[in-house]
Amino acid sequence: MRMEDPKYWEMIIKRGLSRFFMLCVLNQGPLHGYNFAKQIERCSCSCCAPTPGTVYPVLEEMVKDKYVRLKEKVVSGRRRKIYTLTKRGKKAYRAAVNSWREIMPGLRAACR
């Protein structure tokens, strides 16, 4: 894929934003997998619509690195994996928010 292809930029941007939106929705409260992807899509105004194939590996990595806590729970007879942001994850979310706040004015200026 070449840089002049809009899909190239879409892929680069969405890849970077997906982790931000994952932290963002978890910052609002615990979620299970199916609801998690739906909340990311809603929170991002459909900019990021992750599939389970992309969400779960990142969640596993975030659990391993202690940004997210995983707890299994039985709800209506079904086993659910509930994901919660840890203190470390909240700190990462605040760092991400601050970084995006610093970048946005430059991005707006460059797009004029």
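1. Start with a term. A helix is a DSSP run of H or I at least four residues in length, and the helices are numbered from the N terminus. The labels α2 (33-43) and α3 (52-64) follow that rule, and S44 lies in the loop between them. Note also that this is a predicted model.

2. Overall make-up. The protein chain contains four helices and three strands. What pattern does the protein chain follow along the sequence? Reading along, you meet α-β-α-α-β-β-α. The chain has 112 residues, and buried ones make up 29% of them. The C-alpha trace spans about 50 × 30 × 25 Å along its principal axes.

3. Contacts along the chain. Take the contacts between residues at least 6 apart in sequence. How many of these join residues at least 24 apart? The share is 43%.

4. Surface and charge. About 8,100 Å² of the protein chain is exposed. Carbon and sulfur atoms supply 55% of that area. Now count the charged side chains: 24 are positive and 9 are negative. The centres of the two sets lie 10 Å apart.

5. The sheet. In what order do the three strands lie? The order is β1-β3-β2, in an open sheet with antiparallel pairing. Strands β1 and β2 are the edge strands, since each pairs on one side only. A general point helps here. Strands of a sheet pair through backbone hydrogen bonds, and the sense may be parallel or antiparallel.

6. The pairing of β1 and β3. Strand β1 covers residues 31-32, and strand β3 covers residues 78-85. Over how many bridges do they pair? There are two, in the antiparallel sense. Look for H32, whose bridge partner in β3 is I82.

7. The pairing of β2 and β3. Strand β2 runs over residues 68-75 and pairs with β3 over eight bridges. This pairing is antiparallel too. You can trace it by its partners. V68 stands opposite L85 in β3. L70 stands opposite Y83 in β3. E72 has K81 as its bridge partner in β3. Read these in turn: V68, then L70, then E72 on β2, facing L85, Y83 and K81.

8. The hairpin. Strands β2 and β3 form a hairpin with two residues between the strands. Which residue there takes a positive phi? It is S76, with phi near 50°.

9. Other positive phi values. S46 has a phi near 70°, a positive value in a residue other than glycine. S46 sits in the loop between α2 and α3. K66 also has a positive phi, near 65°, and K66 is likewise a residue other than glycine. Its place is the loop between α3 and β2. Is K66 buried or exposed? Exposed means over 50% relative accessible area. K66 has 56%, so it counts as exposed.

10. S44 in its loop. Return to S44, between α2 and α3. Is S44 buried or exposed? The cut-off for buried is under 20% relative accessible area. S44 has 6% relative accessibility, so it counts as buried. What lies 2.9 Å from a polar atom of the S44 side chain? That atom is the backbone nitrogen of C48.

11. T51 in the loop between α2 and α3. T51 is found in this loop. With a relative accessible area of 43%, T51 is partly exposed. Compare its position with that of A109. T51 and A109 are 58 residues apart in sequence. Their C-alpha atoms are 33 Å apart in space.

12. V74 on an edge strand. V74 is found in strand β2, which is an edge strand of the sheet. V74 has 60% relative accessibility, so it counts as exposed. How many residues separate V74 and R15 in sequence? They are 59 residues apart. In space, the pair is 32 Å apart, C-alpha to C-alpha.

Conventions:
Residues are numbered from 1 along each chain as its sequence is written. This is a predicted model: local features need pLDDT of at least 70, side-chain atom pairs count only at pLDDT 80 or more; totals for chains, interfaces and linings use all residues. Side-chain values use heavy atoms; hydrogens and water are left out. Buried means under 20% relative accessible area, exposed over 50%, partly exposed in between (1.4 Å probe, protein chains only). Contact means heavy atoms within 4.5 Å. Accessible areas come from the Shrake-Rupley method with a 1.4 Å probe; for residues, only the protein chains shown count as cover. Lys and Arg count as positive and Asp and Glu as negative; His and the chain ends are not counted. The place of a charge is taken as NZ of Lys, CZ of Arg, CG of Asp or CD of Glu. Two strands pair if DSSP finds at least two bridges between them. A polar contact is a pair of N or O atoms within 3.5 Å; within protein, one must be able to donate a hydrogen and the other to accept it, and residues adjacent in sequence count only if both atoms are side-chain atoms.
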